Amino acid sequence: MLTAAGSAIETGVAQPALLAKWRRRRRVERTAAVVLPLGVGAVCALLWQMGAAARTGGSVLLPTFTDFVGAVVRVLASVRFWHALWTSESALLLGFAIAVAAGIPLGLYVGRHRTVDGLVSGYLDIAVVTPTAVFMPLVIVVLGPTFWARVAVIAIFGLPFVVVPTRTGSATVPGALVSMTRSYCGSSGAVWREVVLPASVPAIFNGLRQGLAHALTGMVIIELTFLAVGIGRLIQDAQAKFDAASVFAVTFLIVAQGVAMMALLQRAQDGLSGQWRARS
Amino acid sequence: MSTDVAVRVSGLAKSFVRETRGRASVVPVLGDVTFEIARAEFVSIVGPSGCGKTSLLRSVAGLLDVDAGTIEVDGKAVTGPGRERAVVFQDFALLPWASSLDNVAFGLKLQGVGRAERRRRARAALEMVGLDGFADALPHELSGGMRQRVGIARALSVDPDVLLMDEPFGSLDEITRRSMQEELLRIWERDKKTVLFITHSVEEALFLSDRVLVMGGKPGRVVETLTPELPRPRTRSQESSEAFTSMRDKIWETLAC
Ligand SMILES: Nc1ncnc2c1ncn2[C@@H]1O[C@H](COP(=O)(O)OP(=O)(O)O)[C@@H](O)[C@H]1O
Ligand SMILES: [Mg+2]
């Protein structure tokens, strides 16, 4: 009988040295991953500070970096910011949840059924290439200047970008895996549960990321244009008062929040993949 | 007599509709395929690619509806996949996110075997194919040969009466392929499953089988049946024997016309 080849780690003569070298490389990579962005950020902050200060000791339009940091702290400490954040965020969460709840099943289903795909994909293509913002007046006309109008706009922004990657994911599940599942008497439910769904997980998360990015865009755009509430209102008020530092601070906080949400999605995906590995 | 027959295929015909540049045409793939496989017999089907070998195997597996003819396994008409049959696929068909153990246990899971029982049986099957040390490895961490061992272990773990193998070693290199052939025979000698083995390699078919069916023609059918009466257990030295080489030449002649 052919033995199943012993692994290199068991047989290597110079293995401690090899391992040490590998660990050193990993350590350098990890450190660089933290130090490099921080360094770049510090350089930018320094240039910013010097540039703004050089302009007649702190121009009205361009706050210095220290002004900006001060504004971030001030904004974070204000009740108004948290209130505005809740106003914006509640619409975002609901709108994105609707986009996800509709988009994932739709994408999965469309990807597996050619006739439905033919029906839906035309609309999807239109939705993806159309600047979604043109629908905002329509939504406001129909729903009025309400919370639900914002929810609808956010959902409309996010939905196509959840559906399209998800549909690609379920459409490209290898046919051999489906055949294999059926050959062991797996039902069509089992094919969905055991093959189509897990195989589509990376595509689904791709859709969640893209959908969230567009939902966030929708949230900001409608608050800056048709419905001045929440974070958008905060920015507009600061802008009206020529409080540039606050405008910068709130913008920064929105970006930071977007990045944090993406990181959370990544964590969720990693956790899910880990779970899938562990089951049997 | 009929109790000794594990697989009976008679008058099998299958056509596909193919669309080229908007025009649909019917392509007959199998025309009147008839053969029997006795219980515990190892039968290979050789033929050029495109002659309908995979279509035939998928029909016997119950994965493909046929246009005409009947298929019986253990005396029962095949209408879909069944527990008495297990398929080994050419490209392994392993779940890329699942460990070797989970992949082997997958067939048992689909058949409703409880978790503890299926893990125990999956471990036993992994051991049988020499992969006991790789239960936790993911498919991408395994070589091609090891992946197909997982595929074979999955098929064996459900303890089928009939093993259906579609060019299982077709994508392996020559060295791995030969050792896998020997290993398959070793496993087969142990529990004597009925095997339907598809290959495009004449030597592989002769080395492994009790009987070799040669497929050819359009639409495909069985054009020749040969019985390599080589003593078992088979050895590599038999490959240079007179019986082996003359049969090989005969198959090549059949395939040439
Ligand atoms: N699902 C299908 N639809 C249309 N044509 C098919 C399909 N499956 C197989 N064929 C055609 O049938 C012929 C035989 O295929 P196959 O059974 O895979 O042969 P082999 O396994 O001997 O190479 C090929 O010409 C192939 O293109
Ligand atoms: Mg084939």
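Here is a walk through a few features of this predicted model, from a helix to salt bridges to a surface patch.

Let's start with helix α5 of chain A, residues 114-129. At 1.5 Å a residue its 16 residues should span 22 Å, and the end C-alpha atoms are indeed 22 Å apart, so the two values agree. The helix still has a kink of about 35°, centred on V120(A). V120(A) is also one of the buried residues of α5(A), together with S121(A) and L124(A). Their cover includes α4 and α7 of chain A.

Helix α7 of chain A takes us on to the salt bridges, since R150(A) sits in it and pairs with E223(A) of helix α9, 73 residues away. The closest N and O atoms of E223(A) and R150(A) are 3.5 Å apart. Buried means under 20% relative accessible area, so E223(A), at 1%, counts as buried, and so does R150(A), at 7%. Another salt bridge joins R193(A) and E194(A), at 3.9 Å from N to O; here E194(A) is buried, with a relative accessible area of 7%.

Over in chain B, D249(B) and R248(B) form a salt bridge too, again with 3.9 Å between the closest N and O atoms. D249(B) is partly exposed at 40%, and R248(B) is partly exposed at 22%. Elsewhere, shared partners tie R178(B), E182(B), R236(B) and E239(B) into one salt-bridge network. Over all chains, the search finds 24 salt bridges.

Finally, look at the surface: L94(A), I98(A), V141(A), V142(A), L143(A) and W148(A) make up a nonpolar patch with about 600 Å² of accessible area together. Helices α4 and α6 of chain A each give two or more residues to the patch, and α6(A) gives the most, with 3. W148(A) belongs to helix α7.

Notes: Residues numbered from 1 in each chain as written. Chains lettered and ligands numbered in written order. Predicted model: local features only at pLDDT ≥ 70, side-chain atom pairs only at ≥ 80, totals over all residues. Heavy atoms only, no water. Patch = residues over 30% accessible without salt bridge, like charges linked within 9 Å, V, L, I, M, F, W, Y side chains within 5 Å. Areas by Shrake-Rupley, 256 points an atom, 1.4 Å probe, with all protein chains shown as cover. Salt bridge = Lys/Arg side-chain N within 4 Å of Asp/Glu carboxyl O. Helix = DSSP H or I, 4+ residues; strand = E, 2+ residues; numbered from the N terminus. Expected span 1.5 Å × (residues − 1). Bend = angle between axes of the 7 residues up to and from the residue. Buried < 20%, exposed > 50% of the residue type's maximum accessible area, 1.4 Å probe, protein only. Contact = heavy atoms within 4.5 Å.
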